[in-house]
Amino acid sequence: MIRFAPDGGDVIALTGVEVGGEQFDRLLFRAKVAPALHLNDVYELRSGAYRNLPNVMRNRLSTLSGLKNLLSDPYTASTLSDFRAAKGGDRLAAVDSILYGGYAYQFYRAIEQAKITLSSALSAVIEFHRPGIDLSIPVLRDDFEELIAKPMQDVRTEILEALRQAGIGPEDVKLVLRTGGSSSIPAFVRILEEIFDPSVIQERPVYTTVVHGLASYAQGQWS
């Protein structure tokens, strides 16, 4: 919260919560993509020995940064090989291709693109077809908003906390700026419009404003 005067502005409240695009991608992956990749299936490694893929492997596969960690882990290849050799292990062929086929970046980009599409459409499809990978996963906006309900509630709480710190009501705010890709998510926009007068909410370029701000800050630090 910034109070502006003719001679400049003063920050009168500052709060925040760790909510962002990669977190939403991870939630989407776990709910929709993981089942399609058979990551949650139980495999018979030996006679009578049934196992899930290790939690650490399933968790890391949910993001591109996590997958990079898996690739640097010497146990990843041997663990996946053990499960691939298990009864029904052929179901993990797509996981093998994502890890070692050179498709990781495009694969996670397809998940992100479906999330972006849901900001302007009621449904989207996580579509990815490469050798060894054949995925077409429909996603409804309602399903996605259910997945992100808790993070969105955290955002609402922080906005109200900022107002409390500033000692003002929503009606006192004359301008609300939203920027960044996640600010286009309809569930987030609704939160703002429920708290503030919709007429004071303005959008800035969602993908460039933060970079411009960081560049300006850096220029000020080094000039």
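In this predicted model, strands 3 and 4 form an antiparallel pair. Strand 3 covers residues 42-46, strand 4 covers residues 49-52, and four bridges connect them. Within this pairing, Glu44 has Tyr50 of strand 4 as its bridge partner. Two residues lie between the strands of the hairpin. Gly48 adopts a positive phi there, near 80 degrees.

A second antiparallel pair involves strand 5 (residues 123-130) and strand 6, joined by eight bridges. Ser123 is placed opposite Leu140 of strand 6. This hairpin also has two residues between its strands, and Gly132 takes a positive phi near 85 degrees. Strand 6 spans residues 133-140 and shows alternating side chains. Ile133, Leu135, Ile137 and Val139 point to one face and are buried. Asp134, Ser136, Pro138 and Leu140 point to the other face and are not buried. Such alternation between the two faces of the sheet is what a regular strand shows.

A positive phi also occurs outside glycine. His38 has a phi near 65 degrees. Most residues other than glycine have a negative phi. His38 belongs to the loop between helix 1 and strand 3. Its relative accessibility is 26%, so His38 counts as partly exposed.

The largest nonpolar core contains 53 residues. Those touching the most other members are Phe29, Leu37, Leu39, Leu61, Phe107, Tyr108 and Phe196. Helix 6 (residues 104-117) contributes the most to this core, supplying six residues. Nonpolar side chains tend to be buried together in soluble globular proteins. The surroundings of Leu37 can be listed in detail. Beyond the residues up to four places away in sequence, Leu37 touches Phe29, Arg91, Leu92, Ala94, Val95, Ile98, Phe107 and Leu135. Among these neighbours of Leu37, Phe29 and Phe107 also appear in the list of residues with the most core partners. Leu135, another neighbour of Leu37, is on the buried face of strand 6.

Nonpolar side chains also appear at the surface. Ile2, Phe4, Val11 and Leu14 make a nonpolar patch of about 500 Å². Phe4 is part of strand 1 (residues 2-5). With a relative accessible area of 66%, Phe4 is above the 50% cut-off and therefore exposed.

The structure contains 12 salt bridges. Side chains of opposite charge can pair when their charged atoms come close. Lys32 pairs with Asp143, with 3.4 Å between the closest N and O atoms. This salt bridge links distant parts of the chain, 111 residues apart: Lys32 is in helix 1 (residues 21-36) and Asp143 is in helix 7 (residues 141-147). Both partners are partly exposed. Lys32 has a relative accessibility of 22%, and Asp143 one of 25%.

Arg84 forms a salt bridge with Asp96, the closest N and O atoms being separated by 3.8 Å. Arg84 sits in helix 4 (residues 75-84), Asp96 in helix 5 (residues 93-100), and the two are 12 residues apart. Arg84 is partly exposed at 31% relative accessibility. Asp96 is partly exposed as well, at 26%.

A further salt bridge joins Arg190 to Glu145, with the closest N and O atoms 2.7 Å apart. Arg190 is in helix 9 (residues 186-195) and Glu145 is in helix 7, so this pair ties together parts 45 residues apart in sequence. The partners fall into separate accessibility classes. Arg190 is partly exposed, with a relative accessible area of 37%. Glu145 has a relative accessible area of 15%, which is under the 20% cut-off, so Glu145 is buried.

Helix 8 (residues 149-166) includes Arg156. Arg156 is partly exposed, with a relative accessible area of 22%. Arg156 contacts Ile191, Glu194 and Ile195, leaving aside neighbours within four places in sequence. The C-alpha atoms of Arg156 and Ile195 are 8.7 Å apart, although 39 residues separate the two along the chain. Ile195, one of these contacts, falls in the range of helix 9 (residues 186-195).

Definitions and conventions:
Residues are numbered from 1 along each chain as its sequence is written. This is a predicted model: local features need pLDDT of at least 70, side-chain atom pairs count only at pLDDT 80 or more; totals for chains, interfaces and linings use all residues. Side-chain values use heavy atoms; hydrogens and water are left out. Patches are made of residues with over 30% relative accessible area and no salt bridge: like charges are joined within 9 Å, nonpolar side chains (Val, Leu, Ile, Met, Phe, Trp, Tyr) within 5 Å. Accessible areas come from the Shrake-Rupley method with a 1.4 Å probe; for residues, only the protein chains shown count as cover. A salt bridge is a side-chain nitrogen of Lys or Arg within 4 Å of a carboxyl oxygen of Asp or Glu. Buried means under 20% relative accessible area, exposed over 50%, partly exposed in between (1.4 Å probe, protein chains only). A nonpolar core is a set of buried Ala, Val, Leu, Ile, Met, Phe, Trp, Tyr and Cys residues joined through side-chain atoms within 4.5 Å. Contact means heavy atoms within 4.5 Å. Two strands pair if DSSP finds at least two bridges between them.
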